[in-house]
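Student: I have a structure in front of me and would like to learn how to read it, feature by feature. Could you take me through it slowly?

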Amino acid sequence: MKLARIKTDQGRLDIVRVDGEALTSLSKGVPGLPDCMMALIEQWDNYRDQIAALPESADYQADQVTFLAPIERPGKIFAIGLNYADHIAESEVIAESKIDAPEHQTWFAKASTSVTGPFDPIERPIVSEALDYEAELVLVVGKRCKHVRPENVDEVVFGYCIGNDVSVRDWQMQTPQFTLGKSFDTSAPIGPWITTADEVDPSNLDIKLTVNGETQQSSNTRHMIFDCTAQLVHLSKAMTLEPGDLIFTGTPEGVGAAQKPPLWLKPGDRVRVEIEGLGAIDNSVVDEVNG
């Protein structure tokens with residue numbers, strides 16, 4: 001199933017099942033349904049069958065609503081770095097030094113306030129022009145878990161969506177810690193919906209990013225160094241993962257910082273990320289307005 005958060009022209013918020021262009025309201029069809037996606041994920045076992053059994057009712061049409069970030073304020077957002085071999089090679093250009101393939105997974109956090117909608121603007125910050133993109137598959141945690149075994153990963157993953165790990169490169173590279181450069185407002189567009197894990201093979205998905213219609217990144221998730229299972233297992237050794245937590249699973253080559261000259265995003269640009277079977281997000285770039 002594909003589940004989305006939407007807002008109507010009248011300002012009504014709803015969670016819907018996406019059936020092509022038709023959107024079936026869950027609140028209308030399932031009594032007592034939580035009105036928050038994170039709460040729905042947490043209680044999914046209680047509602048999954050009822051939601052699956054709802055007849056397609058076309059309560060809304062996709063072109064008549066605004067798609068919101070599927071999860072507005074996740075408890076945690078973690079992102080893995082250097083997880084595609086081709087991206088490691090181009091990262092040497094950015095860092096101006098040799099970078100070996102990581103023996104251990106390299107993680108950084110993104111602030112929950114960086115989340116924005118799948119079709120909302122990305123702001124170029126006042127303090128930098130080094131605004132970059134990173135197409136990523138995003139894993140959505142479904143159950144509270146710790147020390148997950150590889151054979152049990154499917155039990156704790158709720159689903160997947162598309163993300164763009166927008167990066168302010170000069171802030172990212174000021175120090176060995178990436179968090180500030182990865183946490184500017186609007187630096188985590190996600191969506192357009194969450195596709196439940198039973199419909200997704202995360203190990204073999206084409207992933208593509210275009211800027212103004214020109215392809216800049218094109219790869220497949222099979223080229224990950226650490227796959228989704230390895231990532232979740234590793235993170236869960238360090239912390240308790242909770243429903244609605246997001247894991248950005250890495251980006252392939254083609255980022256703007258590695259190009260000569262760098263391809264920084266600027267106001268008026270459009271950035272589109274597509275992942276096979278998961279849809280697409282499409283964001284315009286605007287200047288941040290102070291205050």
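Tutor: Let us begin with the vocabulary of secondary structure: helices (H or I, at least four residues) and strands (E, at least two) are DSSP runs, numbered from the N terminus. By that reckoning the protein has seven helices and 19 strands. The radius of gyration is taken over C-alpha atoms, and the globule rule is 2.2 Å times the number of residues to the power 0.38. For this protein the radius of gyration is 18 Å, close to the 19 Å that the rule gives for 291 residues, so the protein is as compact as a globular protein of that length. Its C-alpha trace spans about 55 × 45 × 35 Å along the principal axes.

Student: Before going further, what should I keep in mind about the model itself?

Tutor: This is a predicted model, in which local features need pLDDT of at least 70 and side-chain atom pairs count only at pLDDT 80 or more, while totals for chains, interfaces and linings use all residues. Residues are numbered from 1 along each chain as its sequence is written, and side-chain values use heavy atoms, with hydrogens and water left out.

Student: What percentage of the residues of the protein count as buried?

Tutor: The word buried means under 20% relative accessible area, exposed means over 50%, and partly exposed lies in between (1.4 Å probe, protein chains only). On that scale, 54% of the 291 residues are buried. A contact, in turn, means heavy atoms within 4.5 Å; among contacts between residues at least 6 apart in sequence, 76% join residues at least 24 apart.

Student: Where is glycine 159 found, and what does glycine 159 touch?

Tutor: Glycine 159 belongs to strand S12 (residues 157-164), and it is buried, with a relative accessible area of 0%. Leaving aside residues up to four places away in sequence, glycine 159 touches Val138, Leu139, Val140, Ile194, Thr195, Thr196 and Ala197. One of these pairs shows how sequence and space can be read together: glycine 159 and threonine 196 are 37 residues apart in sequence, yet their C-alpha atoms are 4.0 Å apart.

Student: Is aspartate 165 buried or exposed, and with which side chain does it make a polar contact?

Tutor: A polar contact is a pair of N or O atoms within 3.5 Å; within protein, one must be able to donate a hydrogen and the other to accept it, and residues adjacent in sequence count only if both atoms are side-chain atoms. Aspartate 165, in the loop between S12 and strand S13 (167-168), is buried, with a relative accessible area of 0%. Its side chain makes a polar contact with the side chain of lysine 182 at 2.9 Å. Beyond residues up to four places away in sequence, aspartate 165 touches several others, including Phe108, Tyr133, Glu136 and Phe248.

Student: How should I read a helix that has buried residues?

Tutor: An α-helix has 3.6 residues a turn, so residues three or four places apart point the same way. In helix H7 (residues 228-238), the buried residues include Cys228, Gln231, Leu232 and Leu235. The buried residues of H7 pack against several elements, among them strand S6 (77-81), strand S11 (135-141), S12 and strand S17 (246-248). At the N-terminal end, aspartate 227 caps H7, with a side-chain oxygen 3.2 Å from the backbone nitrogen of threonine 229.

Student: And what about unusual backbone geometry?

Tutor: Most residues other than glycine have a negative phi, and most peptide bonds are trans. Here the peptide bond from glycine 191 to proline 192 is cis, with omega near -5°, and proline 192 lies in strand S14 (residues 188-196). The bond from lysine 260 to proline 261 is cis as well, with omega near -5°, but proline 261 is in the loop between S17 and strand S18 (270-275).

Student: Which residues have a positive phi although they are not glycine?

Tutor: One of them is alanine 58, whose phi is near 50°; it sits in the loop between helix H3 (44-53) and strand S4 (60-61) and is partly exposed, with a relative accessible area of 37%. Another is histidine 147, with a phi of about 50°, which is placed in the loop between S11 and H5 and counts as exposed at 54% relative accessibility.
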